[in-house]
Amino acid sequence: MLAPFPYFGGKRSIVDDVWCRLGSPKQYIEPFCGSAAMLLGAPKPAPLEVICDGSGFIANFWRATKYQPEAVAQWADYPVSHIDLGARHSWLMAQRERVGDALQDANWPGDAQVAGWWLWGQCCWIGSGWCDWFGQVPRAGNAGRGVQAIGQVPHASDAGMGVQAIGQVPHASDAGMGFDDLLTSSGRAAWVWLKKLSDRLERVRVVHGDWFRCLNHHYGGESTAVFLDPPYRSYESLYGKTGSIADAVAVWAKEHEHLRIALCGHCGDYELDGWDAVNWSRGKHTYSGKKTTESECVWYSPACLPVNTNQLELAQ
Ligand SMILES: C[S@@+](CC[C@H](N)C(=O)[O-])C[C@H]1O[C@@H](n2cnc3c(N)ncnc32)[C@H](O)[C@@H]1O
């Protein structure tokens with residue numbers, strides 16, 4: 001299962017490797033969730049799962065998708081339009097304070113219009129920077145795809161969804177015009193996709209705020225897994241901070257190394273004695289068309305499982 005939008009720094013390509021080391025925990029916490037690639041790639045959902053992001057647009061998207069996938073699909077169902085991209089961007093940015101405040105209520109179901117328009121823009125926009133929550137000036141986008149091209153987004157098809165799923169949409173109509181009649185065929189694909197995500201998120205807590213807000217729990221020792229994917233040190237300025245997030249994350253991670261923690265960064269970002277550092281590289285074109293061969297690394301805490309020993313745990 002995948003997010004229906006491309007995301008800068010997304011960790012989809014290392015999902016299998018990371019879960020191999022995290023095993024099958026009782027609690028799973030993802031404080032910098034972004035596209036939630038790791039949660040969605042879990043081979044087996046943990047009994048307690050928490051995701052968090054400092055961007056209210058991200059947190060609101062997951063909250064609204066969890067509680068009102070149909071409405072999000074409806075708001076996202078719109079062709080690519082540059083004029084509207086600018087207008088909607090302005091409108092979305094003006095919603096930040098209201099949405100940020102509302103998200104503090106753990107039972108607030110999200111704002112479907114904000115989520116749908118944000119999703120639409122995230123799919124239209126080229127590169128990163130659509131609706132930055134952290135106060136940066138967004139970059140102008142060129143021609144993008146739009147949610148109406150959702151079935152053509154490459155990562156849609158290998159999950160068996162996207163365009164192929166259109167034919168499986170049940171006709172919701174019981175009195176003439178049904179919900180799906182209101183949508184374009186691509187909008188129906190988005191609806192199916194979001195509905196599946198909603199089912200997956202049913203028991204997942206979605207938190208908005210600074211990363212440590214979701215770490216304020218009683219941990220179950222080894223049976224807790226934490227996936228830490230903070231902004232990399234060299235990108236922290238995009239989030240209005242320099243050094244502070246990575247430094248604080250490193251301190252927290254070291255203090256909690258009895259938990260199963262996977263921490264992501266560029267090679268050399270962290271010095272963690274006793275941790276297993278595994279290098280990797282995307283080595284391929286990213287969604288924005290750029291080729292990246294930067295060396296990235298995942299640091300695994302001593303409590304993580306040795307490679308290839310998780311099968312036993314997963315089978316239980
Ligand atoms: C590298 S991305 C995470 C990518 C994610 N693992 C994925 O697969 O899509 C870092 C994320 O941290 C979020 N973020 C930045 N500063 C934060 C903070 N202080 N607290 C929580 N999240 C923050 C950003 O909004 C962004 O979504």
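A good place to start is the ligand: one of its nitrogen atoms lies 2.9 Å from a backbone N or O atom of Gly54. On its own, the ligand has 600 Å² of accessible area, and the protein covers 97% of that. Keep in mind as you look around that this is a predicted model.

Two side chains also come into the picture here. A polar side-chain atom of Ser35 sits 2.5 Å from an oxygen atom of the ligand. For Asp53, an N or O atom of the side chain is 2.6 Å from an oxygen atom of the ligand.

How many residues surround the ligand? There are 22 of them, and the closest are Tyr7, Ser35, Asp53, Asp210 and Asp229. By character, this shell around the ligand splits into 11 nonpolar, seven polar and four charged residues.

Now let us turn to the helices. Two packed helices are described by the angle between their axes and the distance between the axes. Here are two pairs to find in the structure:

| Helix pair | Residues | Angle | Axis distance |
|---|---|---|---|
| Helix 4 and helix 9 | 69–76 and 185–200 | about 150° | 8 Å |
| Helix 3 and helix 6 | 56–67 and 96–103 | about 55° | 10 Å |

With an angle of about 150°, helix 4 and helix 9 are therefore roughly antiparallel to each other. Their crossing is right-handed.

The other pair packs at about 55°, so helix 3 and helix 6 are oblique to each other. Helix 3 passes helix 6 in a left-handed crossing.

How values were computed. Residues are numbered from 1 along each chain as its sequence is written. This is a predicted model: local features need pLDDT of at least 70, side-chain atom pairs count only at pLDDT 80 or more; totals for chains, interfaces and linings use all residues. Side-chain values use heavy atoms; hydrogens and water are left out. A residue is near a molecule or strand if one of its heavy atoms lies within 4 Å of it. A polar contact is a pair of N or O atoms within 3.5 Å; within protein, one must be able to donate a hydrogen and the other to accept it, and residues adjacent in sequence count only if both atoms are side-chain atoms. Accessible areas come from the Shrake-Rupley method with a 1.4 Å probe; for residues, only the protein chains shown count as cover. Ala, Val, Leu, Ile, Met, Phe, Trp, Tyr, Cys and Pro count as nonpolar, Asp, Glu, Lys and Arg as charged, and the others, Gly among them, as polar. Axes are lines fitted to C-alpha atoms, for helices over the stretch in contact, and angles run from 0 to 180 degrees between N-to-C directions. Helices (H or I, at least four residues) and strands (E, at least two) are DSSP runs, numbered from the N terminus. Angles under 35 degrees count as roughly parallel, over 145 as roughly antiparallel, 65 to 115 as roughly perpendicular and the rest as oblique. A crossing is left-handed if the near helix is turned anticlockwise from the far one by less than a right angle, and right-handed if clockwise.
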